[in-house]
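Student: Before we look at the model, could you take me through it by asking, at each label, what earns it?
Tutor: Gladly; let us set each value beside its cut-off and only then conclude.

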Amino acid sequence: MSYYNTTNLEKDALKKCRKAVISQEKKILEIFKKHQVSLSPTDVFRHFTSPYAPLTSIRRALSNLTRDNKLEKTSKMKIGNYGKPEHCWRLK
């Protein structure tokens, strides 16, 4: 699970962000386990509860969870928040 430190955070701020990423990824996995269906990033966003997670963070988490072999990207697509097609993911 990764936080991409593109803003060069240091020490406590970096540690806090890394901890938040782990929490977000755990919550996203729980959403997939609960619903047992393929979900797009927008679907996950709609099911995500407090604290709020931006759609970009959800997309990052989906990529990380795919890399970590916990989710897999499917060929199924749905229309997302911005009217564009998005791929769906499912538990691996």
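**Reasoning from values to labels**

Tutor: In this predicted model, the secondary structure of the protein chain comes to three helices and two strands, and from the N terminus on the elements run α-α-α-β-β.

Student: What makes the contact between R60 and E25 a salt bridge?
Tutor: The cut-off for a salt bridge is a side-chain nitrogen of Lys or Arg within 4 Å of a carboxyl oxygen of Asp or Glu. The side chains of R60 and E25 meet at 3.1 Å, N to O, so the pair qualifies under that rule. R60 lies in helix 3 (residues 55–67) and E25 in helix 1 (residues 11–35), so this salt bridge ties together parts that are 35 residues apart in sequence.

Student: How do you know whether R60 and E25 are buried or exposed?
Tutor: Buried means under 20% relative accessible area. R60 has 15% relative accessibility and therefore counts as buried, and E25, at 0%, counts as buried as well.

Student: Why is the pair E30 and K33 called a salt bridge?
Tutor: The N to O distance between the side chains of E30 and K33 is given as 4.0 Å, and the rule asks for within 4 Å, so the value as printed stands at the cut-off, and the pair is listed as a salt bridge. Both residues lie in helix 1, three residues apart, about one turn of the helix.

Student: Which label do E30 and K33 get for accessibility?
Tutor: The label "partly exposed" covers values between the buried limit of 20% and the exposed limit of 50%. E30, at 47%, is therefore partly exposed, and K33, at 44%, is partly exposed too.

Student: What makes R90 and E72 a salt bridge, and which parts does the pair tie together?
Tutor: The closest N and O atoms of R90 and E72 are 2.6 Å apart, which is within 4 Å, so the pair meets the definition. R90 lies in strand 2 (residues 85–91) and E72 in strand 1 (residues 71–79), so the salt bridge ties together parts that are 18 residues apart in sequence. R90 counts as partly exposed at 38% relative accessibility, and E72 likewise at 24%. In total, the structure holds six salt bridges.

Student: Why is S38 called buried when it sits in a loop?
Tutor: S38 is found in the loop between helix 1 and helix 2 (41–47), but the label depends on accessible area: S38 has a relative value of 18%, and the limit is under 20%, so the label is buried. Not counting residues up to four places away in sequence, S38 touches D43, T74, K76, K78, C88, W89 and R90.

Student: How many residues has the largest nonpolar core, and which of them have the most contacts inside it?
Tutor: The largest nonpolar core has 14 residues, and those with the most contacts inside it are I28, F32, V44, F48, I58, L62 and L71. Helix 1 and helix 3 are the elements that give two or more residues to this core. F48, leaving aside neighbours within four places in sequence, is in contact with Q24, K27, I28, I31, A53 and I58.

Student: What share of the protein chain is buried?
Tutor: Buried residues make up 35% of the 92 residues in the protein chain.

Terms used. Residues are numbered from 1 along each chain as its sequence is written. This is a predicted model: local features need pLDDT of at least 70, side-chain atom pairs count only at pLDDT 80 or more; totals for chains, interfaces and linings use all residues. Side-chain values use heavy atoms; hydrogens and water are left out. Helices (H or I, at least four residues) and strands (E, at least two) are DSSP runs, numbered from the N terminus. Buried means under 20% relative accessible area, exposed over 50%, partly exposed in between (1.4 Å probe, protein chains only). Contact means heavy atoms within 4.5 Å. A nonpolar core is a set of buried Ala, Val, Leu, Ile, Met, Phe, Trp, Tyr and Cys residues joined through side-chain atoms within 4.5 Å.
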